[in-house]
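Dear colleague,

Please find below the structure that I am handing over to you, together with its sequence. My account of what was found in it follows.

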Amino acid sequence: MSLESLSYHQVIELAATFEQRGYELYTKASKLAEQEPAKNMLLFLAEQEKKHEQAFRKMYENIKNIDSGELVSISEESLDYLDALSKSSIFPADDNKFLEQIKSLDDVLEVATQTEKDSILFYVELSFYAPDEETEKFFKFIIGEEKNHLVKIQQLDKLIKERGVVY
C-alpha cells in the first residue's frame, strides 16, 4: 500500500495493522524468552498493542459511514518520513530482525522504548492531517496512550534496576 494514496480509512487501517503487528511480534518474542521477567514484560506489551488495535478498529467502525473517502493530503516530506517509520522503525516486517534484538530483559525494555517513541512520532505526524476535530482528538488520545506506555516502560526499568532483578 502506497502512503501517498491513502484515504482516511486506510490511515486508520494502517495504524491498526501496526498495533496488530506489535501484538504478534511481542507474543512471538515472549515464547522465545528464557527469563520469566522478560516473558512477562513482552506479554504485557503485547496486550497493550492489542488494546490499541481494538481502539483503532472501533474508530474505523465509527467513521466508516461518514468518511467521504477523500485522500488525506500529505506533503512529500511527511510521506517519506511516515513511510520510513512504517517500514523499519515501529515494527519491522522481518520477524527475525525484530526477534534477534531481544535476548534479555534489557533488550525488551530498549526495543519497547524505541518502538513507543517511534509510534508517538508516527501518530503526531498523522494528527496534523486529521480531517476533523473528532479525529484529531482520537489521535491525541492514542498519542497519550503511547506516552503512558513509554512512562510505564521507564518506570519498570527503574524498578528492575532498583530491586536488582536478575534474569
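I begin with a pair of helices. In helix 5, the residues Leu105, Leu109, Ala112, Thr113, Glu116, Lys117, Ser119, Ile120, Tyr123, Val124, Leu126 and Ser127 meet a set of partners in helix 6, namely Glu136, Phe139, Ile142, Ile143, Glu146, Lys147, His149, Leu150, Ile153, Asp157 and Ile160. Sorted by class, this contact comprises 13 nonpolar, 4 polar and 6 charged residues. Please bear in mind that the model is predicted.

The geometry of this pair can be stated as well. Helix 5 spans residues 105-127 and helix 6 spans residues 133-163; the two pack at an angle of about 160 degrees, and their axes are 9 Å apart. Because an angle over 145 degrees counts as roughly antiparallel, helix 5 is described as roughly antiparallel to helix 6. The crossing of helix 5 with helix 6 is left-handed.

As regards the chain as a whole, it contains 6 helices and 0 strands, and its pattern along the sequence reads α-α-α-α-α-α. The chain has 167 residues, of which 45% count as buried. Its exposed area is about 9300 Å², with carbon and sulfur atoms supplying 50% of that figure. If one takes the contacts between residues at least 6 apart in sequence, 80% of them join residues at least 24 apart.

Three individual residues may also be of interest to you.

Tyr81 is located in helix 3, which covers residues 76-89. Its relative accessible area is 31%, so Tyr81 is classed as partly exposed. Leaving aside residues up to four places away in sequence, Tyr81 touches Leu121 and Glu125. Although Tyr81 and Leu121 are 40 residues apart in sequence, their C-alpha atoms are 9.8 Å apart in space.

Ala84 also belongs to helix 3. With a relative accessible area of 41%, Ala84 is partly exposed. From Ala84 to Phe122 there is a separation of 38 residues in sequence and of 10.0 Å in space, C-alpha to C-alpha.

Asp95 is found in helix 4, which runs over residues 95-100. Is Asp95 buried or exposed? Its relative accessibility is 18%, and since the cut-off for burial is under 20%, Asp95 counts as buried. Once residues up to four places away in sequence are set aside, Asp95 touches Arg21, Leu25 and Lys28. One of these partners, Arg21, is 74 residues from Asp95 in sequence, while the C-alpha to C-alpha distance between Asp95 and Arg21 is 9.8 Å.

Yours sincerely

Definitions and conventions:
Residues are numbered from 1 along each chain as its sequence is written. This is a predicted model: local features need pLDDT of at least 70, side-chain atom pairs count only at pLDDT 80 or more; totals for chains, interfaces and linings use all residues. Side-chain values use heavy atoms; hydrogens and water are left out. Axes are lines fitted to C-alpha atoms, for helices over the stretch in contact, and angles run from 0 to 180 degrees between N-to-C directions. Helices (H or I, at least four residues) and strands (E, at least two) are DSSP runs, numbered from the N terminus. Angles under 35 degrees count as roughly parallel, over 145 as roughly antiparallel, 65 to 115 as roughly perpendicular and the rest as oblique. A crossing is left-handed if the near helix is turned anticlockwise from the far one by less than a right angle, and right-handed if clockwise. Contact means heavy atoms within 4.5 Å. Ala, Val, Leu, Ile, Met, Phe, Trp, Tyr, Cys and Pro count as nonpolar, Asp, Glu, Lys and Arg as charged, and the others, Gly among them, as polar. Buried means under 20% relative accessible area, exposed over 50%, partly exposed in between (1.4 Å probe, protein chains only). Accessible areas come from the Shrake-Rupley method with a 1.4 Å probe; for residues, only the protein chains shown count as cover.
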